[in-house]
Amino acid sequence: ISVTTAAREQVTDRVLASGIIEPVEQVSVQPQIEGQAIETLAVDVGAQVKEGEVLATLSTSALQLQRSQLEATRASAVASIAQADALQAEAQAAFEEAVRVSERATNLSKKGISAKATADQASSNAEVAQARVPQGLRDLGAESMFEYGSRVGFWRLFRLFHERRLP
């Protein structure tokens with residue numbers, strides 16, 4: 001028999017086993033922009049990473065396509081606004097001309113040089129031309145809202161490209 005003094009010590013046991021080792025915590029990594037394909041992976045599965053380290057690079061092709069579409073939509077909206085401006089100017093000019101013709105026809109009718117029916121027709125034409133002027137204004141308002149919407153979308157994408165230093 002042997003006797004010894006009690007003391008605190010660390011006991012190391014070894015266990016030999018086979019199986020699958022699972023992590024204590026799993027983290028799902030996904031892009032902030034849904035639907036973006038991953039272009040390159042900078043780390044391997046199971047590698048240790050630090051906060052802020054780039055794990056993957058997203059493809060910019062979908063964003064570039066969306067930016068091109070928004071630029072085309074914006075160009076179309078700007079062209080539509082120019083067309084609406086031209087239609088507005090045309091309607092205003094037609095109204096002003098119809099008023100001049102109406103005034104001339106009324107003066108000639110009062111002097112007995114022209115028939116009253118001609119003056120009445122000219123006055124009616126002026127009223128029709130005047131009714132067309134506000135229509136051009138309504139169209140211009142709708143086109144301005146459309147152009148504003150496409151511009152907002154364009155600048156949102158521009159900001160995303162700038163923040164991520166994309167071409």
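## Contacts of S109

Leaving aside residues up to four places away in sequence, S109 is in contact with S114, A115, K116 and A119. In this predicted model, S109 lies in helix α1, and its relative accessible area of 19% falls under the 20% cut-off, so S109 counts as buried. Beyond the end of the same helix, just after α1, G112 adopts a positive phi of about 85 degrees.

## Helix α1

The 50 residues of α1, taken at 1.5 Å a residue, should span 74 Å, and because the C-alpha atoms at its ends are 73 Å apart, the expected and modelled values agree.

The buried residues of α1 are L63, L70, A77, I81, A84, Q88, A91, F95, A98, S102, A105 and S109. As background to such a list, an α-helix has 3.6 residues a turn, so residues three or four places apart point the same way.

## The nonpolar core

The largest nonpolar core consists of 6 residues, namely A91, F95, A98, A126, A129 and V133. The elements that contribute two or more residues to this core are α1, covering residues 61-110, and α2, covering residues 116-163. In general terms, nonpolar side chains tend to be buried together in soluble globular proteins.

One member of the core, A91, touches A129, R132 and V133 when residues up to four places away in sequence are not counted; of these partners, A129 and V133 are themselves listed in the core.

## Chain-level organisation

The secondary structure of the protein chain amounts to 2 helices and 2 strands, and these elements follow the order β-β-α-α from the N terminus on. Among the contacts in the protein chain with a separation of 6 or more, 61% are made between residues that stand 24 or more positions apart.

Of the 167 residues in the protein chain, 17% are buried. The accessible surface of the chain comes to about 13,900 Å², and carbon and sulfur atoms account for 54% of that surface.

## Confidence

The pLDDT of the protein chain averages 77, with 76% of the residues scoring at least 70. Confidence is highest in strand β1, residues 38-41, at 82, and lowest in α2, at a mean of 68. The element with the lowest confidence, α2, is also one of the elements that give two or more residues to the largest nonpolar core.

Note on methods:
Residues numbered from 1 in each chain as written. Predicted model: local features only at pLDDT ≥ 70, side-chain atom pairs only at ≥ 80, totals over all residues. Heavy atoms only, no water. Core = buried A, V, L, I, M, F, W, Y, C linked by side-chain atoms within 4.5 Å. Buried < 20%, exposed > 50% of the residue type's maximum accessible area, 1.4 Å probe, protein only. Helix = DSSP H or I, 4+ residues; strand = E, 2+ residues; numbered from the N terminus. Contact = heavy atoms within 4.5 Å. Areas by Shrake-Rupley, 256 points an atom, 1.4 Å probe, with all protein chains shown as cover. Expected span 1.5 Å × (residues − 1). pLDDT = per-residue confidence, 0-100.
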